[in-house]
Each structure stands twice: as structure tokens, then as C-alpha cells.
Amino acid sequence: MKKGLIIAFLFLSALLSAQHHSVLGRWKTIDDQTGKAVSIIEIYEKQNKIYGKVIEIFNPKVKVPRCEQCQGEDKNKPILGLVVIKGLVKDKDEYTHGKILDPKHGKLYKCSISLESRDRLKVRGFIGINLLGRTQIWERIK
């Protein structure tokens, strides 16, 4: 009986721990050039792919503007509510093979994300190969 309880406890602990090590959730974006918080992105899963949308913007001047320089279906959409991480799939310890949108410039880049720690997300946008890009560290909202 004790052995069964211990196994159940360990299984439950592992399950809860895995949930905290997920990229899903709300993340505060930090501008890699200024070090200032820019927005909150909610990362979610849909049809086995990872997406992220803007749910809060800290600069009140940016809340109303639209993504005027975006192309396709994102053109002129409000930045608040805009899906900026698109279609990432899990590949070992990271999510890749998707895109990230820079609404400030309307540019779409290849993207990879991975957990640096439980509460720090490494987000990399790049052109062509992974070496040609920028990395930001986002902080989990608790």
C-alpha cells in the first residue's frame, strides 16, 4: 500500500513539475536593445502547434495603432490581440519551424523558442539560418 502511494505521489509530482517547465503561459517581453518591458504575450497551443498573441502593451501610445506595415492577413490589424508567434512545433528541447512577427516593422522572421529556465524564455528571430538574427529573453508572468 505504501509503495503504491509513493509511486502515485512521484507521478503527480513529475506531472506538476512538467507543467511548470512549459512554454505555455503569459510572458513579459523585454526589448533586447533598451532592456525595457514592452508587452505581455500569451503563448498557447492549437492543433499541436505553438502560437503567441499580444494581450497587453505597456506603452499607451502603441495600444491603438495597427500593424500598418504588415503583409497579408495581418495588415492593418490592431497590435493588441495580434498573433505574433505562428505555428512552432516541438523539436527536442525547443520549438521551431514557425514564424515570429515584428509588428513594429511588419516583418516576419523564422523563429525558435526554448526555456532558459522555468521562468525565462529564449526567443530567437532570424532570417535564413539561425546565426543571422536576434535573441530576446522573456520573463514568465506569475
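## Salt bridges and a strand S1 arginine

Setting aside neighbours within four places in sequence, Arg 26 is in contact (heavy atoms within 4.5 Å) with Ile 40, Ile 41, Glu 42, Ile 55, Glu 139, Arg 140 and Ile 141. Before we dig in: this is a predicted model, where local features need pLDDT of at least 70, side-chain atom pairs count only at pLDDT 80 or more, and totals for chains, interfaces and linings use all residues. Numbering runs from 1 along each chain as its sequence is written, and side-chain values use heavy atoms, with hydrogens and water left out.

**Exercise 1.** Place Arg 26 in the fold and say whether it is buried or exposed, or in between.

*Solution.* Start with the element: Arg 26 sits in strand S1 (strands are DSSP runs of E, at least two residues, numbered from the N terminus). Next, accessibility: Arg 26 comes out at 43%, so it counts as partly exposed (buried is under 20% relative accessible area, exposed over 50%, partly exposed in between, with a 1.4 Å probe and protein chains only). Finally, a distance: Arg 26 and Val 54 are 28 residues apart in sequence, and their C-alpha atoms are 9.7 Å apart.

**Exercise 2.** Find what Glu 139 pairs with, and work out what that pair ties together.

*Solution.* Searching the whole structure turns up five salt bridges (a side-chain nitrogen of Lys or Arg within 4 Å of a carboxyl oxygen of Asp or Glu). One of them joins Glu 139 to Lys 28, with the closest N and O atoms 3.8 Å apart. Glu 139 belongs to strand S8 (residues 133-140) and Lys 28 to strand S1 (residues 25-30), so the bridge ties together parts 111 residues apart in sequence. Both ends are partly exposed: Glu 139 at 31% and Lys 28 at 25%.

**Exercise 3.** Is the Asp 74 end of its salt bridge buried or exposed, and what about Lys 86?

*Solution.* First the pair itself: Asp 74 bridges to Lys 86, closest N and O atoms 2.7 Å apart. Asp 74 is in the loop between strand S3 (49-57) and strand S4 (83-91), while Lys 86 is in S4, so parts twelve residues apart in sequence get tied together. Now the accessibilities: Asp 74 is buried at 7%, and Lys 86 also counts as buried, at 18%.

**Exercise 4.** Trace the network that includes Asp 119.

*Solution.* Begin with Asp 119 and Lys 142, whose closest N and O atoms are 3.0 Å apart in a salt bridge. Asp 119 is in the loop between strand S6 (107-117) and strand S7 (120-126), and Lys 142 is in the segment after S8, 23 residues apart. Asp 119 is partly exposed at 23%, whereas Lys 142 is exposed at 82%. Last step: through shared partners, salt bridges join Asp 119, Arg 140 and Lys 142 into one network.

How values were computed
Helix = DSSP H or I, 4+ residues; strand = E, 2+ residues; numbered from the N terminus.
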